[in-house]
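User: I would like to practise reading helices, their packing and their cysteines. Could you take me through an example?

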Amino acid sequence: MSHPDSASTAIPLRQRGPALLLLALPCLLYCLAPAVANRIEPRIFGIPFLAAYLIAVTIAIGPLIWFVARRDPAYRSGAAEFVPADNPDGPIGDPR
């Protein structure tokens, strides 16, 4: 369980947005794969270019997520993540 004041120390998504927006980059790179890399030649280490492109993007995602986590103000400050279930008044719209 979280502390009762964890909701008050949570950083609003508005302040976290610029850092978290970078997480859309892997999705964009995967969606662009058919347009950018949809060809067999050239081969890279004997595998088609499309497969090499997808492998490179997959490998690049790990360091990207590490970088985004370090830029996230909530991560740097150690602030608690807001989870609606932790709300002492119950979830939003709960008829209690």
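User: Let us begin with α3: how far should its 14 residues span?

Analyst: The expected span of a helix is 1.5 Å times one less than its number of residues. For α3 that gives 20 Å, and the end C-alpha atoms are 19 Å apart, which agrees. Helices here are DSSP runs (H or I, at least four residues), numbered from the N terminus. Before we go on: this is a predicted model, where local features need pLDDT of at least 70, side-chain atom pairs count only at pLDDT 80 or more, and totals for chains, interfaces and linings use all residues. Residues are numbered from 1 along each chain as its sequence is written, and side-chain values use heavy atoms, with hydrogens and water left out.

User: Where does α3 bend?

Analyst: A bend at a residue is the angle between axes fitted to the seven residues ending there and the seven starting there. In α3 the bend is about 40° at Cys31, and Pro34 follows within four residues. Helix α4 has a kink as well, of about 30° at Ile61, shortly before Pro63.

User: How do α3 and α4 pack, and at what angle do they cross?

Analyst: Two packed helices are described by the angle between their axes and the distance between the axes. Axes are lines fitted to C-alpha atoms, for helices over the stretch in contact, with angles from 0 to 180 degrees between N-to-C directions. The axes of α3 and α4 come within 10 Å and cross at roughly 170°. That makes the pair roughly antiparallel, a label for angles over 145 degrees. Among the residues making the contact (heavy atoms within 4.5 Å) are Leu29 and Ala33 of α3 and Tyr53 and Val57 of α4.

User: Which residues of α3 are buried?

Analyst: Buried means under 20% relative accessible area, exposed over 50% and partly exposed in between, using a 1.4 Å probe and protein chains only. In α3, Pro26, Ala33 and Ala37 are buried, and α4 is part of what covers the buried residues. The buried residues of α4 include Tyr53, Val57 and Ile61.

User: How many disulfides does the structure hold?

Analyst: A disulfide is a covalent bond between the sulfur atoms of two cysteines. The cut-off here is a pair of cysteine sulfur atoms within 2.5 Å, and the structure holds 0 disulfides. The sulfur of Cys27 is 4.1 Å from its closest cysteine sulfur, in Cys31, too far for a bond. Cys31 is exposed, with a relative accessible area of 55%.

Methods
Helices (H or I, at least four residues) and strands (E, at least two) are DSSP runs, numbered from the N terminus. Angles under 35 degrees count as roughly parallel, over 145 as roughly antiparallel, 65 to 115 as roughly perpendicular and the rest as oblique.
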